[in-house]
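Got a few minutes to poke at a structure together? Have a look first, and then we'll go through some questions.

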Amino acid sequence: MKRKNIEISREELDRQLEIIARVRDINSARSDQPLAFVDTYGCQQNEADSEKLRGMLSEMGYGFTRSEKEADVIVINTCAVREHAEMRVFGNIGALTHTKRAKPDQIIALCGCMAQRPGVAERVKRSFRHVDLVFGPHVLWQFPQFLYEILSKRKRIFSTEDSDGVIAEGIPALRDGGVKAWLSIMYGCNNFCSYCIVPYVRGRERSRRPELIIEDAKKLIADGAKDITLLGQNVNSYGKDLEENIDFSEIIKRVNDLEGDFLIRFMTSHPKDAGDKLFETIANCEKAAHHIHLPFQAGNDRILKVMNRHYNREEYLRLIESARRYIPDVVLTSDVIVGFPGETDEEFEDTLSLIEQVRFDSLFTFIYSPRPGTPAAEMPDPFTREQKQVRFDKLLDLQNRISSEKHASYVGSTRRVLVDGLTNDEIYPLSSRTNGGRLVHLSGDKSLVGSYVDAEIIDSNTWALYGKCR
């Protein structure tokens, strides 16, 4: 793709701002403020997209509710990575027939990755006639236009045309005001892992201009953000499509140089593009969190090749060794898929041995979910769900033991943590995170939310640490 064809023009974006003003005029004529509900599934990128949806809705005069019954507009921002999430979405959409019946003017929209997946829009059009709007990630910036047409013409709209993807700058966003913030630096994916639907629904890799990333980072810091996560389907690929000679490590450095007391995190990092330069940058940037999420997916070379992951077991282990050499206290997390089509018991044992060797702090674990339209969905798979569940339970037992041992090693130490929220626990009412992203339930006053404190770690379990302020 050529850069000139990727960015939405200022004229097109100004037209959306004009439409926002028209919808605001419609809503201001009402006797009460209309309410919207944005329901988000999936990854951090979806969370960032939902902030833009809320930003546009707010500019159009909507308030917000968590009740489907109260909402005048319901937007369901979906994920397509696993079948279970899609089934939940379809179930929830079906239940909305009751709210639509009670409130006939209610507008129901389905968007996100699932909406872009082939066949979904047609199924919604045919079987869920109470849904007014379906649109994919590529046209999120046109949401005001879609909503205006529904309000003024009461027609159903489906916009899920196949696309390599675009970049739309200047879309208003509405954060929750907390200390955590998402900052998208690029969109799309060029990797085409054989099990993954993301490149088909999110489009090709396209990087935002660095000056706009820094501008957004400054705004987030001024807004009180103290834990900023740089987002991309593969952040390590940042800059490959730009004329300027810049990469992801340089983005970390430029954000690190901004004034303020904050942490820099990132999601997600692909092993094929990670290396010494990234690890050295993290080690040398005082605001870069010592946490790397580096998905390995499987520990067997044949499975990695069929997955189209572009690295092997030995190369992955060398990366881990390098990361720990540059960042001795690095917290390592990863993703792993159990039961990829054709994976044998012996090949699965290679995954277990890799976990035992690396000793990750925690894992995100999944049983393989076939995604129609991906190569893996067409591969023969002789193993049953029950057999895969046995493997999955075995993996969980191993990782839970390792996580428990890792967390126990924190007990007795004092860690600087960022208090980022509240819990429902009377003894430990505060939620906080270490530099490495470990969850710490903390005793202390609610006024500490948003502050860095020194926490003495007094207890732990498989999933969290427990501490008190010093």
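**Loops, a helix and some empty space**

Q: Where does Asn308 lie?
A: This is a predicted model, so keep that in mind throughout. Asn308 lies in the loop between helix 12 (301–306) and helix 13 (313–326). Its phi is near 65°, a positive value in a residue other than glycine. So the place to look is the loop between helix 12 and helix 13.

Q: Is Asn308 buried, partly exposed or exposed?
A: Its relative accessible area comes out at 27%. Buried would need under 20% and exposed over 50%. Because 27% falls in between, Asn308 is partly exposed.

Q: What is the phi of Arg154 near?
A: Arg154 sits in the loop between helix 7 (143–153) and strand 6. With a relative accessible area of 42%, Arg154 is partly exposed. Its phi is positive although the residue is not glycine, and the value is near 50°.

Q: Which peptide bond is cis?
A: Go to the loop between strand 11 (263–267) and helix 11 (276–284), where Thr268 lies. The bond leading into Thr268 has omega near -10°. That makes the cis one the bond from Met267 to Thr268.

Q: Which side chain makes a polar contact of 2.8 Å with that of Glu169?
A: Glu169 is in the loop between strand 6 (157–159) and strand 7 (180–184). At 15% relative accessible area, Glu169 falls under the 20% cut-off, so it counts as buried. Leaving out residues up to four places away in sequence, Glu169 touches Arg10, Leu13, Arg208 and Leu212. The polar partner at 2.8 Å is Arg208.

Q: How far apart in space are Leu183 and Gly232, C-alpha to C-alpha?
A: Leu183 belongs to strand 7 and is buried, at 3% relative accessibility. Its contacts beyond four places in sequence include Arg208, Ile213, Leu230 and Leu231. Gly232 is 49 residues from Leu183 in sequence, yet the C-alpha distance is 8.9 Å.

Q: How far apart are the end C-alpha atoms of helix 3, and what span should its residues give?
A: Helix 3 covers residues 83–95, which is 13 residues. At 1.5 Å a residue they should span 18 Å. The model agrees with that, as the end C-alpha atoms are 19 Å apart.

Q: Within what arc do the buried residues of helix 3 fall?
A: The buried residues there are Ala85, Glu86, Val89, Phe90 and Ile93. Seen down the axis, they line one face of the helix, because they fall within an arc of 135°.

Q: What covers the buried residues of helix 3?
A: Several elements do the covering, among them strand 3 (73–78) and strand 4 (107–112). The helices included are helix 4 (97–102), helix 5 (113–116) and helix 6 (120–127).

Q: Which element gives the largest share of the lining of the second largest pocket?
A: This pocket has a volume of about 580 Å³. It is lined by 23 residues, with Ile171, Ala173, Asp216, Lys219 and Leu220 nearest its centre. Helix 2 (44–59), strand 7 and helix 9 (210–222) each give two or more residues to the lining. The largest share, 5 residues, comes from helix 9.

Q: How much space lies in the largest cavity?
A: The structure holds 2 cavities of 30 Å³ or more. The largest cavity is lined by 15 residues, and the closest to its centre are Lys52, Pro137, Leu140, Val166 and Tyr187. The space inside is about 200 Å³.

Notes:
Residues are numbered from 1 along each chain as its sequence is written. This is a predicted model: local features need pLDDT of at least 70, side-chain atom pairs count only at pLDDT 80 or more; totals for chains, interfaces and linings use all residues. Side-chain values use heavy atoms; hydrogens and water are left out. Helices (H or I, at least four residues) and strands (E, at least two) are DSSP runs, numbered from the N terminus. Buried means under 20% relative accessible area, exposed over 50%, partly exposed in between (1.4 Å probe, protein chains only). A polar contact is a pair of N or O atoms within 3.5 Å; within protein, one must be able to donate a hydrogen and the other to accept it, and residues adjacent in sequence count only if both atoms are side-chain atoms. Contact means heavy atoms within 4.5 Å. The expected span of a helix is 1.5 Å times one less than its number of residues. The arc is that of the directions from the helix axis to the C-beta atoms. On a 1 Å grid over the protein atoms alone, a cavity is a set of points where a 1.4 Å probe fits but cannot get out, and a pocket is an open set with protein on both sides within 12 Å along at least five of seven lines; lining residues have an atom within 4 Å of a point. Grid points are joined across faces, edges and corners, and a volume is the space filled by probe spheres set on the points.
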